[in-house]
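Visitor: I am in my first year and still learning to read protein models, and I would like a close look at a single part rather than a quick tour. Could you take one strand, show me its surroundings, and then follow the connections outward?

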Amino acid sequence: LLAIEKTNITIDGLTFNILTWDTLPAGVSSLRCVLFRRSTFIRVTDSHFYTTGGGPACIGCKNVKITGNTIEATLPSDSINGHADGMIDLWVEFDIDAERNIITNNNILGNNAGRCGIMLTGLTFGAQVMEHQTALISNNVISNTYFDGIWAFGRDAILRNSVISNNVISGGRCGVR
C-alpha cells in the first residue's frame, strides 16, 4: 500500500504478507508493507505484517498512531539483514517535521532480519535540521533485531518533547540509541 499526501487513513485488522519477496526489485532500496508519505492522521492498528523488509513506514507524516500490531521479519535469502531500516519507520522528510506520532503496544520480532525495531530518523533540507516533535514510543515488545531495538536519532533529525517508556527490548546490539 502506498499513500502520498493523504489524510485520515485507517488500516485496522489486516494481514500483509510479503515473505515471497526475497530480493529487492530493481531501483528499490527498502521493502515495506505499507508506506505513507507527507500524509496526516494515519492509523495502523491491530494488523499483522509478515515481511522480509519493514511493516508500516511514515515519511514526512504528522499525527500517526501505530498501535497493537505484530510485525515479523524473516531474513531474506539475498542479504545478511532485512530489506528496510526499521520494522516501523518514521522519517522526517526534507522540509516537513514529524509531529504527534504515537507508537504503542506493538510486538516486533526482527528474527535478526530487521535492522531496528522502531526507527525515528530523517533527511536534511539544505542546512536545516528536521525534528520529531512530541513522539510517544511506549509499551512495545521488540526482540531479535539486527542492530537496535529503538533508534530515535541520527541522519540529521532530532527528537524533542518526546517520551520513550515501558518498552521491552531483547536481542540486538543496543536497546535504545
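Guide: What follows is a walk that starts at one strand and then moves to the contacts of side chains elsewhere in the chain. Please keep in mind from the beginning that this is a predicted model.

Let us start with strand 9, which covers residues 70-73. In a regular strand the side chains alternate between the two faces of the sheet. Strand 9 shows this alternation, for Ile71 and Ala73 point to one face and are buried, while Thr70 and Glu72 point to the other face and are not buried.

Strand 9 has a partner in strand 6, residues 48-51, and the two run parallel, joined by four bridges. Strand 9 is also joined to strand 13, residues 107-109, by three bridges, and these two strands again run parallel. If you look for Thr70 in the picture, you will find that His48 stands opposite Thr70, and that Thr70 in turn stands opposite Asn107 in strand 13.

From strand 6 we can step to an aromatic contact, one of two aromatic pairs that a search of the whole structure finds. The rings of Phe16 and Phe49 have centres 5.0 Å apart and planes at 5°, so this pair is stacked. Because Phe16 belongs to strand 3 (residues 15-17) and Phe49 to strand 6, the pair ties together parts that are 33 residues apart in sequence. Both Phe16 and Phe49 are buried.

The other aromatic pair is formed by Tyr146 and Phe147, and it is edge-to-face, with 4.8 Å from centre to centre and 75° between the planes. Tyr146 has a relative accessibility of 22% and therefore counts as partly exposed, and Phe147, with a relative accessible area of 26%, is partly exposed as well. Tyr146 has a further contact to look for, since the charged end of Arg173 sits over the ring of Tyr146, 4.9 Å from the centre of that ring.

Let us now return to the stretch that leads into strand 6. Asp46 is found in the loop between strand 5 (40-45) and strand 6, and at 51% relative accessibility Asp46 counts as exposed. Most residues other than glycine have a negative phi. Asp46, however, has a positive phi of about 50° although it is not a glycine. Thr45, by contrast with the exposed Asp46, is found in strand 5 and counts as buried, at 14% relative accessibility. The C-alpha atoms of Thr45 and Ile66 are separated by 5.9 Å, and these two residues are 21 residues apart along the chain.

A positive phi also appears at Asn166, where the value is about 55°, although Asn166 is not a glycine. Asn166 is found in the loop between strand 20 (163-165) and strand 21 (168-170), and with a relative accessibility of 58% it counts as exposed.

The charged side chains give us another set of connections, and a search of the whole structure finds two salt bridges. In one of them Arg32 is bound to Asp89, with the closest N and O atoms 2.7 Å apart. Arg32 lies in strand 4 (residues 32-37) and Asp89 in strand 10 (residues 86-92), so this pair ties together parts that are 57 residues apart in sequence. Arg32 and Asp89 are both buried.

The other salt bridge joins Asp148 and Arg177, whose closest N and O atoms are 3.0 Å apart. This pair links distant parts of the chain, since Asp148 is in strand 18 (residues 148-152) and Arg177 is in the segment after strand 22 (174-176), 29 residues apart. The two partners differ in exposure, for Asp148 is buried, with a relative accessible area of 4%, whereas Arg177 is partly exposed, with a relative accessible area of 46%.

We can finish at the surface, where Leu159, Ile164 and Val176 make a nonpolar patch of about 200 Å². Leu159 has its place in strand 19 (residues 157-160) and is partly exposed, with a relative accessible area of 31%.

Note on methods: Residues numbered from 1 in each chain as written. Predicted model: local features only at pLDDT ≥ 70, side-chain atom pairs only at ≥ 80, totals over all residues. Heavy atoms only, no water. Buried < 20%, exposed > 50% of the residue type's maximum accessible area, 1.4 Å probe, protein only. Pairing = 2+ DSSP bridges. Phe/Tyr/Trp six-rings, centres within 6.5 Å; stacked < 30°, edge-to-face > 60°. Lys NZ or Arg CZ within 6 Å of the ring centre and 35° of its normal. Patch = residues over 30% accessible without salt bridge, like charges linked within 9 Å, V, L, I, M, F, W, Y side chains within 5 Å. Areas by Shrake-Rupley, 256 points an atom, 1.4 Å probe, with all protein chains shown as cover. Salt bridge = Lys/Arg side-chain N within 4 Å of Asp/Glu carboxyl O.
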